[in-house]
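User: I am new to reading protein models and would like to know how the labels used for them are justified. Could you take me through some?

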Amino acid sequence: MAENGKNCDQRRVAMNKEQYNGNFTDPSSMNEKKRRDREERQNIVLWRQPLITLQYFSLEILVILKDWTSKLWHRQSIVVSFLLLLAVLTATYYVEGAHQQYVQRIEKQFLLYAYWIGLGILSSVGLGTGLHTFLLYLGPHIASVTLAAYECNSVNFPEPPYPDQIICPDEDGIEGTISLWSIISKVRIEACMWGIGTAIGELPPYFMARAARLSGAEPDDEEYQEFEEMLEHAETAQDFASRAKLAVQNLVQKVGFFGILACASIPNPLFDLAGITCGHFLVPFWTFFGATLIGKAIIKMHIQKIFVIITFSKHIVEQMVAFIGAVPGIGPSLQKPFQEYLEAQRQKLHHRREMGTQQGENWLSWMFEKLVVVMVCYFILSIINSMAQSYAKRMQQRLNSEEKTK
């Protein structure tokens with residue numbers, strides 16, 4: 001693998017010696033032009049240049065659709081097979097018969113898996129910035145199941161996807177029968193599907209770096225360019241961020257499967273660098289994806305689950321509320337809404353739709369809903385900005401290539 005990497009490096013060095021009217025360009029001027037182009041692209045955001053950003057975003061979508069249409073046209077056999085399979089599944093879904101009970105069960109499980117896998121992909125795919133779906137969706141879901149389990153003394157409420165709200169079963173549970181393992185088992189499917197989604201979301205950096213290394217072409221990704229610059233200045237790196245990135249790169253490169261597994265098994269904001277490193281050094285796909293899948297969907301997911309479950313266990317929550325009340329001056333005023341929120345959640349767990357009226361909305365739940373809306377909107381804006389900048393980069397590359405051919 002080292003010899004192969006050396007050959008690729010030599011090929012890239014040769015290709016980077018660009019010629020302009022018979023003379024080699026000055027590397028410093030090339031770097032300066034790249035820096036100016038990068039700064040120009042970074043200014044293309046909705047809050048600075050809204051019209052240009054929206055225009056470039058629309059054009060980038062058209063370019064992507066054109067590329068996908070061309071790829072599908074050259075794979076007509078796969079498209080026809082997919083359409084035939086889709087027609088069979090549609091007919092099976094709508095035709096009445098004894099098989100409908102199985103179809104409904106499969107549909108329910110499929111939607112559940114797709115929902116959590118999709119949230120996991122959004123968390124790590126890196127479209128501009130990841131949507132923190134663990135904090136917004138999975139974490140609150142585990143917390144609500146934990147609170148419900150201790151209040152109901154049971155985990156026998158309906159299997160997911162839940163109805164409008166979790167409701168305690170009719171039979172009374174026995175006090176103290178809820179264990180950590182029972183709650184872990186209750187949320188295992190959602191957590192593992194989310195972990196699988198995060199592993200899938202790590203594949204684009206790997207494939208991008210691998211393709212750039214094999215082709216020897218100039219990479220289009222900003223993170224990959226930063227990765228190459230980091231390797232060039234590895235010996236002189238002094239700041240903590242650069243040393244941390246180099247530590248991840250060295251661990252993955254030298255240890256291989258178990259190094260990737262170690263990086264994927266702990267909450268690690270630098271794991272995108274592991275994907276780029278594995279692609280750059282041509283680590284086999286199943287080595288990278290297998291270690292990532294085991295680390296994220298099994299090891300890391302259980303660490304996060306246990307942390308949330310312990311944090312939201314009954315006695316810990318009561319202690320946190322009591323601690324808030326002990327804060328001098330503002331403690332009682334802060335403690336009251338938390339107590340009201342917990343009491344409202346307990347009442348909902350024993351509430352039946354035919355009994356009474358719904359409780360008023362607590363300001364804590366109102367604030368969380370607005371936080372979710374704000375973060376989702378920011379995620380969408382980041383996608384628009386990222387795609388607009390991607391189109392701007394296409395234009396810059398086209399202009400640079402035209403200048404070289406003059």
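Analyst: What follows is a set of questions and answers on the labels used for this predicted model.

User: What makes up the protein chain, counted in helices and strands?

Analyst: The protein chain has 17 helices and two strands. Of its 406 residues, 34% are buried. Among contacts with a separation of 6 or more, 72% join residues 24 or more positions apart.

User: Why is the ring pair of tyrosine 93 and tyrosine 94 called edge-to-face?

Analyst: The structure holds twelve aromatic pairs. In this one the ring centres are 5.0 Å apart, and centres within 6.5 Å count as a pair. The planes of tyrosine 93 and tyrosine 94 stand at 85 degrees, and the cut-off for edge-to-face is over 60. The pair is therefore edge-to-face.

User: Which of the labels buried, partly exposed and exposed fits tyrosine 93, and which fits tyrosine 94?

Analyst: Tyrosine 93 has a relative accessible area of 34%. Buried needs under 20% and exposed over 50%, so tyrosine 93 is partly exposed. Tyrosine 94 has 61% relative accessibility and counts as exposed.

User: Why is the pair of tyrosine 206 and phenylalanine 285 called tilted?

Analyst: The ring centres of tyrosine 206 and phenylalanine 285 are 6.2 Å apart, with the planes at 55 degrees. Stacked needs planes under 30 degrees apart and edge-to-face needs over 60. An angle of 55 degrees meets neither condition, so the pair is tilted.

User: What does this pair of tyrosine 206 and phenylalanine 285 tie together?

Analyst: Tyrosine 206 is in helix H9 (residues 203-215) and phenylalanine 285 is in helix H14 (residues 285-311), so the pair ties together parts that are 79 residues apart in sequence. Tyrosine 206 has a relative accessible area of 0% and is buried, whereas phenylalanine 285, at 24%, is partly exposed. Both belong to one aromatic cluster, whose members include Phe207, Trp286, Phe288 and Phe289.

User: What makes lysine 71 count as lying over the face of tryptophan 68?

Analyst: Lysine 71 is 5.5 Å from the ring centre of tryptophan 68. The distance cut-off is 6 Å, and the charge must also be within 35 degrees of the ring normal. Lysine 71 is listed as lying over the face.

User: How do you know whether asparagine 153 is buried or exposed?

Analyst: Asparagine 153 has 15% relative accessibility. The limit for buried is under 20%, so asparagine 153 counts as buried. This residue lies in the loop between H6 and helix H7 (180-186). Asparagine 153 also has a positive phi of about 55 degrees, although it is not a glycine.

User: What does arginine 188 touch?

Analyst: Leaving out residues up to four places away in sequence, arginine 188 touches Trp181, His302 and Lys305. Arginine 188 is in helix H8 (residues 188-201) and, at 26% relative accessibility, is partly exposed. Its C-alpha is 8.9 Å from that of methionine 301, and the two residues are 113 residues apart in sequence.

User: How are helix H5 and helix H6 packed?

Analyst: Two packed helices are described by the angle between their axes and the distance between the axes. For H5 (residues 100-124) and H6 (residues 133-152), the angle is about 145 degrees and the axes are 9 Å apart. Their crossing is left-handed. The contact residues include Tyr115, Trp116 and Leu119 of H5, and Tyr137, Leu138 and His141 of H6.

User: What kinds of residue make the contact of H5 with H6, by the classes nonpolar, polar and charged?

Analyst: Six are nonpolar, four are polar and none is charged. Gly120 of H5 is in the contact, and glycine counts as polar.

Conventions. Residues numbered from 1 in each chain as written. Predicted model: local features only at pLDDT ≥ 70, side-chain atom pairs only at ≥ 80, totals over all residues. Heavy atoms only, no water. Axes fitted to C-alpha atoms, helices over the stretch in contact; angles between N-to-C directions. Helix = DSSP H or I, 4+ residues; strand = E, 2+ residues; numbered from the N terminus. Left-handed = near helix turned anticlockwise from the far one by under 90°. Contact = heavy atoms within 4.5 Å. Phe/Tyr/Trp six-rings, centres within 6.5 Å; stacked < 30°, edge-to-face > 60°. Buried < 20%, exposed > 50% of the residue type's maximum accessible area, 1.4 Å probe, protein only.
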